[in-house]
Amino acid sequence: MRTKLLALLVLVALLAVACGGTTATTETVATAETAGAEVEATAETAVEEPTAEAEATAAPEATDEPATTEGDGTMPLADPLAVSGDIVAAGSSTVFPLAEAMALRYKDEGFAGEIAIDSPGTGGGFERFCVAGETDIANASRPINEEELAACEAIGRTPVEFRVGTDALAVVVSVENDFVEDLTLEQLALVFSTAENWSDVDASWPDEPIQRYIPGTDSGTYDYFTEEIFPDLEDGTANPQLEAANLNQSEDDNVLVQGVAGSPYAIGYFGYAYAAENTDTLRAVMVEGVEPNAASVEANEYPLARPLFIYSDATIMTEKPQVADFINFFLTYVSEEITTVGYFPASEEVLGGASCAFVTAIGE
C-alpha cells in the first residue's frame, strides 16, 4: 500500500506540472493555481531524487497496476477495486441524477462500499458539508457563496470546486398547453411574479390563473433563476416569486413535474434532465427565441444555461481514499455519462481545470 501511494504521489506531481497556470472556476475555493508552485517543487523532488525504496518497488507495481500518466494532463487512473469504505454526498436535486449515474457506474466497476446521495438542494447540501460537516461531497448547481465558504472554514474545511458539466434550466408547461411557445426574460419575470392570469402576460392568451411550480428556497435552481430573472433584486427585499399567487414549491423536482403536467395553465422550471425524461407530459418552451438543447448550450445562446459542480476538501480526500478515487473516477468518465441523464458536457478546458484542482488538492 505504501509503495502504491508513493507511486501515485509521483504521478500526481507530474500531472501538477502539466497543470501549471490553470485556474479553477471560482476564486473563493482551493484551486490548482494557489498551490501550483509548491506541487511543482514536489514534482521535481519526486522525479530527480527518488528514494531507494521507490526505485526498488515502484516499477514492478506499475506493471501490475497500470495506473500511469505521462505528465501530459492525464488523470491518474481511478481504481474502484482498490478502495473501500463509505462515501456520503448531498446537495442539488439537479446534480442528483448525474451523481447517481456516476455512483452506479463506480459500483458496477467494482467499488464494494456504500455511496449515499441525498438531494436537499444546493443550500441544504452546503449546510451539511460546511456546517454539520457530515458529508464528503457537496453537489451544487451554483458556486459556493461567501457565507457558506466561511462556514466551511469555521470547521476546518477548504472547499475544492470541480465543474462537472452544464445544465440548461428548462421552463416547462404541460403538453396540453397550446398557447405558450416562447417567453422573453421580461415575460418570465411577469409569469413568476405579479401576473395573475395568462392574459396579463399576453392579451391573446387565456384569461385563466397562472399555476406556478418552482423549487424550494434551498435549491440552487431557485437561486439561479432568481439571479437571472430578477437581477436587480436588492438584499433583504422579498423575492417576487414568493409573493406570487397559486404558488407551489418543492425541493423534489419530480413533484414539480407532476404539478405542471396536471394542468394546461401550469408552468414551472427545473433542471433540463427532468424535462427530457418527461416529454410525454411536458414541453420545454423557448426563452428569447432559443430552444434549450446541446447546440444552443454549446454556442452559449440559451439564456438559462448554467454550470454544475461537486465540491470536496483536500483533507477529506486524503483521509478517505475512496472519496478521492470516486471524484477522480467522476471527472474521468462524467462526459461519457452526462448526456444520458439529460445534461451537457463541460468543455475539455473546464474539465482540465477540474482535474488540475483535484491533483493539487490530493498532492498538498
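E109 is partly exposed, with 36% relative accessible area. In this predicted model, E109 has a salt-bridge partner in R105, with the closest N and O atoms 3.1 Å apart. R105 sits at 16% relative accessibility, so it counts as buried. The pair isn't alone, either: R105, E109, E336 and E337 are tied together in a network of salt bridges.

**More salt bridges**

How many salt bridges does the structure hold? The count is ten. Here are three of them, with the gap between the closest N and O atoms.

| Acidic residue | Basic residue | Closest N and O atoms |
|---|---|---|
| E109 | R105 | 3.1 Å |
| E134 | R128 | 2.8 Å |
| D223 | R142 | 2.9 Å |

Take E134 and R128, which form a salt bridge. E134 has a relative accessibility of 45%, which makes it partly exposed. R128 comes in at 22% and is also classed as partly exposed.

Then there's the salt bridge between D223 and R142. This one links distant parts of the chain, with the two residues 81 apart: D223 belongs to helix α8 (residues 220–229), while R142 is in the loop between β3 (137–140) and α6. R142 has a relative accessible area of just 11%, and because buried means under 20%, R142 counts as buried.

**A charge without a salt bridge**

Now look at E161, in strand β4 (residues 159–168). E161 is buried, yet it has no salt bridge. Which side chain of opposite charge is nearest to E161? That's R163, 7.5 Å away. A salt bridge needs the side-chain nitrogen within 4 Å of a carboxyl oxygen, so a gap of 7.5 Å doesn't qualify. What E161 does have is a polar contact, side chain to side chain, with Y311 at 2.7 Å.

**Negative charges on the surface**

For acidic residues on the outside, go to E196, D200, D207 and E208, which form a negative surface patch. One of them, D207, is in the loop between α7 (185–191) and β7 (211–215). Is D207 buried or exposed? With 57% relative accessibility, D207 counts as exposed.

**Far along the chain, close in space**

Helix α7 also holds V191. Its relative accessible area is 0%, so V191 is buried. Along the chain, V191 and I267 are 76 residues apart, but 8.5 Å separates their C-alpha atoms.

A154 makes a second pair of this kind. You'll find A154 in helix α6 (residues 146–154), and at 66% relative accessibility A154 is exposed. Between A154 and C130 there are 8.2 Å, C-alpha to C-alpha, and the two are 24 residues apart in sequence.

**Two positive phi angles**

Finally, a couple of backbone details. Where is E288? It's in the loop between β11 (286–287) and α12 (294–298). E288 has a phi near 55°, a positive value in a residue other than glycine. With 41% relative accessible area, E288 counts as partly exposed.

N300 also has a positive phi without being glycine, in this case near 60°. Its place is the loop between α12 and β12 (305–313). N300 has a relative accessible area of 67%, which puts it in the exposed class.

Methods: Residues numbered from 1 in each chain as written. Predicted model: local features only at pLDDT ≥ 70, side-chain atom pairs only at ≥ 80, totals over all residues. Heavy atoms only, no water. Helix = DSSP H or I, 4+ residues; strand = E, 2+ residues; numbered from the N terminus. Buried < 20%, exposed > 50% of the residue type's maximum accessible area, 1.4 Å probe, protein only. Lys, Arg positive; Asp, Glu negative; His and termini not counted. Polar contact = N/O pair within 3.5 Å; in protein donor to acceptor, adjacent residues only side chain to side chain. Patch = residues over 30% accessible without salt bridge, like charges linked within 9 Å, V, L, I, M, F, W, Y side chains within 5 Å. Areas by Shrake-Rupley, 256 points an atom, 1.4 Å probe, with all protein chains shown as cover. Charge placed at Lys NZ, Arg CZ, Asp CG, Glu CD.
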